[in-house]
Structure formats: C-alpha cells, structure tokens
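Here is a short set of exercises to work through with the sequence and the model open side by side. Try each task yourself before reading its solution.

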Amino acid sequence: MKRALNLWRGSLVLAPLCLALVVGCRPADGKKSDVIKIGEFASLTGKEATFGQSSHEGTVLAIEELNAAGGVLGKRIELLTEDTQSKAGEPATVVNKLISRDGVVGILGEVASSRSLEAAPICQQNKIPMVSPSSTNPKVTEVGDYIFRVCFIDPFQGTVMANFASRTLKATRVAIFTDVKSDYSKGLAKFFKDQILRNGGQIVAELDFNGGDKDFKGQLTAIKAANPEAVFVPGYYTDAALIAIQARQLGLNVPLLGGDGWESEKLTEIGKEAVEGDYFSTHYSAEVGSDMSKAFVANYQKRWQGRTPDALAACGYDSALVLVDAIRRAGSTEGAKVRDALAATKDFKAVTGTITINAQRDASKSAVILTIRDGQYKYLETIEP
Ligand code: PHE
C-alpha cells in the first residue's frame with residue numbers, strides 16, 4: 001500500500017516532466033510533425049455569425065473527407081479554427097496566432113472582404129498562402145502573391161446585378177444604399193453603378209449607412225423621394241433585413257436587390273414578408289448543379305443535422321479542397337511551393353464550379369441569382385462570367 005502510494009507520488013512528480021518532454025519534442029513549425037496543420041479564421045460569432053458558421057461547416061466537411069481518403073502527403077490534416085467575432089482587429093490577432101504559435105502551413109478565410117484585407121498582409125509577410133473562400137472585393141488578392149480566392153470578384157457580381165435590374169426588371173431609375181464601413185459594400189456599389197450607367201440607366205439616389213446601424217429611416221425617406229424603380233443594397237444580411245423592414249414601413253415598395261452578402265437564413269427570419277420578392281446574386285444554389293454538388297448536399301446534410309448548405313458552405317468546402325490539392329501537387333508544405341501550386345490551379349472540379357486561378361489569383365466563375373418566395377430562396381438563373 002505504502003509502496004503504491006510512493007509510486008503514485010513519483011508519477012505525480014514525473015508527469016509534468018513527461019509533458020514538458022512531449023511538448024518540447026513537438027516541432028514548433030508544425031511542418032516536420034505527422035500532421036499538416038491548416039488554419040481557418042471565420043466569424044463564428046457576432047454580427048455575421050452565420051457567414052463563419054456555414055463556411056466553417058463546409059470547410060470541416062472537406063477536411064474530414066480528405067482525411068478519410070488518406071490525408072495529404074501521407075499525413076493527416078489538422079484544421080485549427082479561430083473566431084474573428086465579426087470584428088475588426090480580431091483577424092490580425094488570430095492569424096498571427098495561427099502562424100506564429102500553431103505553425104499552420106496555409107490559411108483559409110475570411111468571408112467578409114474587410115476582414116480578409118486585415119489578415120492578408122500578415123500571411124503575405126510570413127509567406128503563408130491564404131485562400132479566401134468567398135471574399136469578393138478585388139483588393140483582397142492584390143495584397144500579394146500569397147493571397148488567393150476561390151470565388152468570383154465584385155466587378156463581375158456588380159455587373160450581374162446591374163444587368164438584372166436593367167434587362168430583367170427593366171428598371172431605369174435605380175437607387176443605391178451603401179454600407180460605408182465595408183470594403184465589400186463600397187466596391188460592389190461602385191461596380192453596380194458603373195454598369196447601370198453603361199446600360200443607359202440613371203442613379204437617382206446614393207445614400208450611405210454604417211453597418212450595425214438600427215435606424216435607416218432618414219436615408220430611406222430620401223431614397224423614396226427620388227422615386228426609384230429598384231434599390232440596390234450591397235450590405236450584409238443583418239443590415240439588409242432591417243433596411244427591407246423599414247423601407248416597407250415607409251411605403252417604399254419597389255424591389256430591393258442585393259449581393260452575396262444577403263445570403264443567410266437570418267435574412268428571411270428577420271426580414272419576413274419585407275424581403276419577399278427581392279433578389280440577390282450569390283455563388284451557389286443547392287437547387288442546381290453537378291453530381292459533385294448533389295453528393296456535397298447529401299454529405300453535408302448527413303454531417304450537419306440535415307441542414308442544406310448555402311453558398312458560404314460550398315465556398316468553404318471548395319477553399320479547403322483547392323488548398324489541399326495545391327499541397328499535394330507541390331509535394332511539400334513549404335510556402336513558396338504551395339503558392340506556386342495554388343497559382344497553377346487549373347480546371348479543378350469543385351462544388352461551386354470549375355476553378356482555374358487566373359493571373360490575379362482570383363477564380364473566374366458563374367454567379368446565380370436567387371429570389372425570396374414564401375420565406376425560401378428560389379433559384380432563378382445562372383450567369384456565366
Ligand atoms: N463576398 C462578401 C464579401 O466579400 C462575403 C460573402 C460571401 C457573404 C458569400 C455572403 C456569401 O465581403
């Protein structure tokens with residue numbers, strides 16, 4: 001009995017020592033160990049929480065499937081996820097942590113362009129390839145040659161929605177309501193406006209808000225007074241839903257148009273009948289697509305309690321596939337080699353379409369237009385680049 005106690009005591013003393021040894025043996029850079037570490041930064045909480053959650057679910061599914069098929073370079077892939085809380089300032093903190101403390105060899109994220117723009121210079125400086133699943137502002141990949149994305153960019157998306165307004169809705173008098181706190185919103189507003197003007201349309205009102213505002217009535221009153229036939233609101237879902245509600249309360253009953261930032265089940269949950277009949281463009285619809293897309297929907301539903309994947313989930317999934325494929329082709333996790341392999345991505349079959357990375361490190365892909373009917377998103381059409 002006494003002996004056992006001593007042994008037990010001895011192991012208590014030894015335990016921290018063993019732990020220290022194990023930790024000490026683990027290579028700090030994560031490159032020589034038996035796992036390949038990939039970092040993800042996403043808005044899992046906060047104002048745009050559904051963006052991060054959906055994107056994360058797609059990313060996790062991809063990594064699990066890749067690991068089930070043997071991982072990459074003979075190693076298991078480990079995904080390390082950090083929450084940006086939908087807040088400026090967090091992306092820099094968490095991406096620094098992923099690189100310096102965790103030793104990730106590549107980074108997936110973010111959804112929101114402003115947050116990708118905050119993290120991109122850090123990835124660039126550290127020569128760690130970053131792949132954004134769905135940030136669409138052109139400036140993101142302009143940061144440098146380590147920064148990629150697997151989605152289309154806003155000059156295309158803005159053109160798609162402007163043509164929809166001009167040609168499908170036959171609207172010639174259009175208003176724009178921009179979130180001046182968001183790089184995404186400002187960029188998309190400009191590209192939309194340029195194309196409306198090229199189409200011979202007229203911008204009858206241009207007003208601003210700050211993401212997170214609660215009262216939009218002053219600006220919406222001015223928009224209504226300009227008598228538009230459609231209003232473009234290139235914002236994120238929480239703001240867009242409130243804007244729709246207040247627009248209807250003021251009797252502004254023309255269609256509201258949005259971009260991919262509208263995509264969230266919260267848009268209809270908050271906006272209810274106020275968003276009925278509105279339109280937005282996005283990257284993917286589970287209603288249409290390839291065999292690969294159908295398998296993705298089925299596997300996603302199996303993995304995530306029957307939920308149907310949205311565009312964010314699909315883009316998150318694709319971002320992981322593209323990064324891991326590049327690591328495989330590079331035959332290495334060295335930053336410069338993975339960067340070169342990413343840049344050489346060509347005709348890669350993904351859920352949101354076929355991905356070829358162009359000279360600007362963007363993907364040229366089709367967009368879909370959805371409308372809201374009976375509280376559901378309904379697929380209308382696909383627009384090729
Ligand atoms: N494209 C948006 C941005 O750049 C983010 C987004 C993508 C939102 C896809 C919803 C769906 O900020």
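How far apart do the C-alpha centres of domain 1 and domain 2 lie? They lie 32 Å apart.

A word on ground rules before going on. This is a predicted model, in which local features need pLDDT of at least 70, side-chain atom pairs count only at pLDDT 80 or more, and totals for chains, interfaces and linings use all residues. Residues are numbered from 1 along each chain as its sequence is written, and side-chain values use heavy atoms, with hydrogens and water left out.

**Exercise 1. Describe the contact between the two domains.**

Step 1: Mark the bounds. Domain 1 covers 2–152 + 289–366 and domain 2 covers 154–282; such bounds come from an automatic or database domain assignment.

Step 2: Count the residues. Domain 1 gives 20 residues to the contact and domain 2 gives 23, where contact means heavy atoms within 4.5 Å.

Step 3: Look at the area. About 1,600 Å² is buried between the domains, with 54% of it on carbon and sulfur atoms. Buried area here is the accessible area (1.4 Å probe) that two parts lose on being put together, summed over both. On the domain 1 side, Lys 47, Thr 50 and Phe 152 supply 35% of the area buried against domain 2, more than any other three residues.

Step 4: Add the polar part. Between the domains there are 10 residue pairs in polar contact, both residues at pLDDT 80 or more. A polar contact is a pair of N or O atoms within 3.5 Å; within protein, one must be able to donate a hydrogen and the other to accept it, and residues adjacent in sequence count only if both atoms are side-chain atoms.

Step 5: Place the elements. On the side of domain 1 that touches domain 2, α2, α4 and α12 (311–330) each supply at least two residues. Helices (H or I, at least four residues) and strands (E, at least two) are DSSP runs, numbered from the N terminus.

**Exercise 2. Find the largest nonpolar core and say where it lies.**

Step 1: Recall the rule. A nonpolar core is a set of buried Ala, Val, Leu, Ile, Met, Phe, Trp, Tyr and Cys residues joined through side-chain atoms within 4.5 Å. Buried means under 20% relative accessible area, exposed over 50%, and partly exposed in between (1.4 Å probe, protein chains only).

Step 2: Pick out the members. The largest core has 55 residues, and Met 161, Phe 177, Phe 192, Ile 223 and Val 231 touch the most other members. Because both domain 1 and domain 2 give residues to this core, it lies between them.

Step 3: Zoom in on Met 161. Beyond its neighbours within four places in sequence, its contacts include Phe 192, Phe 232, Leu 257 and Ile 369.

Step 4: Look for another core. A second, separate one of 39 residues includes Ile 327, Phe 348, Ile 357 and Ala 363.

**Exercise 3. Trace salt bridges along the chain.**

Step 1: Set the cut-off. A salt bridge is a side-chain nitrogen of Lys or Arg within 4 Å of a carboxyl oxygen of Asp or Glu. The rule gives 22 salt bridges, and it finds two across the interface of domain 1 and domain 2.

Step 2: Take Glu 82 and Arg 101, whose closest N and O atoms are 3.9 Å apart. Glu 82 is in strand β2 and Arg 101 in the loop between α3 and β3, so the pair ties together parts 19 residues apart in sequence. Glu 82 is buried at 14%, whereas Arg 101 is exposed at 53%.

Step 3: Turn to Arg 149 and Asp 362, which meet at 2.7 Å, N to O. Arg 149 is in strand β5 (residues 147–149) and Asp 362 in the loop between β12 (353–355) and β13 (367–373), so this pair ties together parts 213 residues apart in sequence. Both partners are buried.

Step 4: Finish with a network. Salt bridges link Lys 47, Glu 48, Glu 110, Arg 115 and Asp 239.

**Exercise 4. Check the backbone for unusual spots.**

Step 1: Start at the peptide bond between Gly 109 and Glu 110, which is cis, with omega about -20°. Glu 110 sits in the loop between β3 (106–108) and α4 (113–126).

Step 2: Move to Ser 86, which has a positive phi of about 60° although it is not a glycine. Ser 86 is buried, at 13% relative accessible area.
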